[in-house]
Amino acid sequence: MLSADGTVASYTGPACVSWAGDISGHGVICTGNTLVSEATLNSCLARYEAGSGDTLARRLVAGLEAAQAAGGDRNGQQSASLLVVSKDGGYGGYTDRLVDLRVDDHVTPIAELWRLLQVWKASRQ
């Protein structure tokens, strides 16, 4: 959980399948279970923080991409999603859903999420 003031909280619980945990930075938290190792989250956070001049959506997907490159989920990959909210940020200002993208079943879901983000960006111009 990440609050509006940047406070982070996470709980994975004792019954999670190894590896499970979280790592946080300034105003960001990366958490997961059934991961290959802690390196997955470390890579996610490092990539997210390295993109400080980029949009939030791009930083989040870049973090997912780095996490996958570091091993990702030990069961492989199948889906990915991205939700970014901003007050009145949705289409026509009718909702707060600035970016709401889902890839439910794909061989390379993070690459597909990148593609969908580009389509979303083009539709906003």
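## Helix α3, two pockets and the cysteines

At 1.5 Å a residue, helix α3, whose 15 residues run from 109 to 123, should span 21 Å, and its end C-alpha atoms are indeed 21 Å apart. The model is predicted.

Pro109, Ile110, Glu112, Leu113, Trp114 and Leu117 of α3 are buried. Their cover includes α2 (56-69), β3 (80-85) and β4 (97-103).

The table sets out the two pockets.

| Pocket | Volume | Nonpolar lining residues | Polar lining residues | Charged lining residues |
|---|---|---|---|---|
| Largest pocket | About 1000 Å³ | 17 residues | 13 residues | 2 residues |
| Second largest pocket | About 160 Å³ | 7 residues | 2 residues | 3 residues |

Of the 32 residues lining the largest pocket, Cys30, Thr31, Cys44, Leu60 and Leu64 are the closest to its centre. At least two lining residues each come from β2 (28-32), α1 (38-50), α2 and β3. The most, 7 residues, come from α2.

In the second largest pocket, α3 gives the most to the lining, with 4 residues. Helix α2, strand β4 and helix α3 each supply at least two lining residues there. Among the residues of this lining are Asp54, Arg58, Leu117, Trp120 and Lys121.

The structure holds 0 disulfides. Cys16 is in none, and the nearest cysteine sulfur, that of Cys30, is 16 Å away. Cys16 is partly exposed, with a relative accessible area of 27%. Cys44 counts as buried, because its relative accessibility is 12%, under the 20% limit. Its closest cysteine sulfur is that of Cys30, 3.6 Å away, so the pair is too far apart for a bond; a disulfide needs sulfur atoms within 2.5 Å.

Note on methods:
Residues are numbered from 1 along each chain as its sequence is written. This is a predicted model: local features need pLDDT of at least 70, side-chain atom pairs count only at pLDDT 80 or more; totals for chains, interfaces and linings use all residues. Side-chain values use heavy atoms; hydrogens and water are left out. Buried means under 20% relative accessible area, exposed over 50%, partly exposed in between (1.4 Å probe, protein chains only). The expected span of a helix is 1.5 Å times one less than its number of residues. Contact means heavy atoms within 4.5 Å. On a 1 Å grid over the protein atoms alone, a cavity is a set of points where a 1.4 Å probe fits but cannot get out, and a pocket is an open set with protein on both sides within 12 Å along at least five of seven lines; lining residues have an atom within 4 Å of a point. Grid points are joined across faces, edges and corners, and a volume is the space filled by probe spheres set on the points. Ala, Val, Leu, Ile, Met, Phe, Trp, Tyr, Cys and Pro count as nonpolar, Asp, Glu, Lys and Arg as charged, and the others, Gly among them, as polar.
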